[in-house]
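Me: I would like a close look at one part of this protein. Please take the pockets and walk me through what lines them, then add the sheets and helix packing.

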Amino acid sequence: MEKRKIEFSPPDICEEEISAVVDTLRSGWITTGPKTKLFEEELAKFCHTKKAVCLNSATACMELTLRVLGIGPGDEVITSAYTYSASASVICHVGATPIFIDTKEDSYEMDYVQLEEAITTRTKAIIPVDLGGVICDYEKIFEIVQRKQSLFTPSHALQALYNRIVVCADAAHSIGATYKGQRSGEIADFTSFSFHAVKNLTTAEGGAVVWKEQAGLDSEEVYRQYMLLSLHGQTKDALGKVAEGGWEYDIVAPYYKCNMTDIQASLGLVQLKRYQDILKMRRALITWYDEALSELPVKVLAHQTQEQSSSGHLYLIRVEGKSRAQCNEIMREMKRAGVATNVHYKPLPMLQAYKDLGFDILHYPNAYKQYENAISLPLHNQLTREDVQYVVAVLKKCLVN
């Protein structure tokens, strides 16, 4: 077997993206401007929502969503113990208390029984995580939210409009995924996407947030609040100053700085135009992996079911009967054979930042089991069917060593 070099997740960039960025650089407008606004419009159309806000990361999108909702000290926000730090760090950023839920047994999703039990009078939001691009069971989450509605007391005008716990999806992985005919972005109350370099759709760094229409919700005002929060509380951005013919502005509060630039948006516009083809290729790769791995002692994350089609962001396997140490050795052997792998993720209670907040992995046994024998295999559009076969052949060889 001839050795190949298989990268884990390089960006899918074509000449069209490069030309679009060059065009922006030559336009004289490289910060937030017409292309960012156009990207927001196109994303909203793609997600079947009225508005979209583009920022510099999904983390900023999630944090600003909590701030738009008036969530802060004294409040609790629930998320999964099995996720990347950003799902929880944004809760800490606004001064609220993070509450972690263990996964269901043999699952990457939260245990919904434990979720319901964790809701208190202080719970203001839930951040489910669409891990690997697979959309969570939001029907069940909304059922739980409705059953617990009597515990909810709003402390902000937008909270009063919902009059229940608000569901804020961490959809960093799931843009383009569908669940029961709905697309990620039109299911949860608020949905935050990531366009980081390793994501299916990339702007190098960046993210976007969209939201469902709600009776009484003024989407234009919600959009305005995001704009204020993302640009120092300034009432005009650079484009607004030019369009309105006047420099003068006000600062309504000492807010933050996390806007997207037109350089990033020009990348995103081309990526979004190509995105259905990108998804089609990723789904083909997953099918090839599923077929090739069917006889090996591994469990794989199901991306396609009768109810949903994931975005195919990560190919997650769990190696049956192996410990974390053994899986780490398998990963080292695969690297020596030219195959890059990763792990998604070390559960939050295992990380020092959250240990310091009092979390202990012993209280999250299912999350630990998911992590203990987890390996993420390469999944990106530069792979060929022969590359997939090589990855699986290398894995098989490592398993028998």
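**The second largest pocket and its surroundings**

Reply: Helix α8 supplies the largest share of the lining of the second largest pocket, five residues. Keep in mind throughout that this is a predicted model. The space in this second largest pocket comes to about 370 Å³. Its lining counts 22 residues, and the closest to the centre are Lys 37, Met 227, Leu 231, Lys 236 and Asp 237. Four elements each supply at least two residues of that lining: α2 (34-47), β1 (52-55), α8 (219-230) and α9 (238-243). What is the chemical make-up of the lining of the second largest pocket? It divides into eight nonpolar, eight polar and six charged residues.

Now the largest pocket. About 490 Å³ of space lies in it. Its lining has 28 residues. Tyr 84, Ser 194, His 196, Lys 199 and Tyr 345 are the ones nearest the centre. Two elements give two or more residues to this lining, α3 (58-68) and α4 (86-93). Of these, α3 gives the most, with three residues. By class, the lining of the largest pocket has 11 nonpolar, 13 polar and four charged residues.

Next, the sheets. Strands of a sheet pair through backbone hydrogen bonds, either parallel or antiparallel. One open sheet has three strands in the order β10-β12-β13, and the pairing is antiparallel. Strands β10 (298-300) and β13 (374-377) stand at the edges, each with a single partner strand, so one side of each is left without a neighbour in the sheet. On average, neighbouring strands here are turned by 30 degrees against each other, direction ignored. Helix α11 (residues 324-336) packs on this sheet. It touches β12 and β13, and its direction makes about 25 degrees with that of β13. Within the sheet, β10 pairs with β12 (residues 315-319) in the antiparallel sense over three bridges. As one example of the register, Val 298 stands opposite Val 319 in β12.

A further open sheet of three strands runs in the order β7-β6-β11. Its pairing is antiparallel. The edge strands are β7 (182-183) and β11 (308-309), and each pairs on one side only. Strand β6 (residues 178-179) pairs with β7 in the antiparallel sense over two bridges. In that pair, Thr 178 stands opposite Arg 183 in β7.

Last, the helix packing. Two packed helices are described by the angle between their axes and the distance between the axes. For helix α10 (residues 262-293) and helix α14 (residues 385-400), the axes come within 10 Å and cross at roughly 35 degrees. The crossing of α10 past α14 is right-handed. From α10, the contact uses Leu 285, Trp 288, Tyr 289, Glu 291, Ala 292 and Leu 293. From α14, it uses Arg 385, Val 388, Val 391, Val 392 and Leu 395. Which classes do the residues of this contact between α10 and α14 fall into? Nine are nonpolar, none is polar and two are charged.

To come back to the starting point: in the second largest pocket, α8 gives five residues of the lining, and Lys 37, Met 227, Leu 231, Lys 236 and Asp 237 lie closest to the centre.

How values were computed
Residues are numbered from 1 along each chain as its sequence is written. This is a predicted model: local features need pLDDT of at least 70, side-chain atom pairs count only at pLDDT 80 or more; totals for chains, interfaces and linings use all residues. Side-chain values use heavy atoms; hydrogens and water are left out. Axes are lines fitted to C-alpha atoms, for helices over the stretch in contact, and angles run from 0 to 180 degrees between N-to-C directions. A crossing is left-handed if the near helix is turned anticlockwise from the far one by less than a right angle, and right-handed if clockwise. Contact means heavy atoms within 4.5 Å. Ala, Val, Leu, Ile, Met, Phe, Trp, Tyr, Cys and Pro count as nonpolar, Asp, Glu, Lys and Arg as charged, and the others, Gly among them, as polar. Two strands pair if DSSP finds at least two bridges between them. On a 1 Å grid over the protein atoms alone, a cavity is a set of points where a 1.4 Å probe fits but cannot get out, and a pocket is an open set with protein on both sides within 12 Å along at least five of seven lines; lining residues have an atom within 4 Å of a point. Grid points are joined across faces, edges and corners, and a volume is the space filled by probe spheres set on the points.
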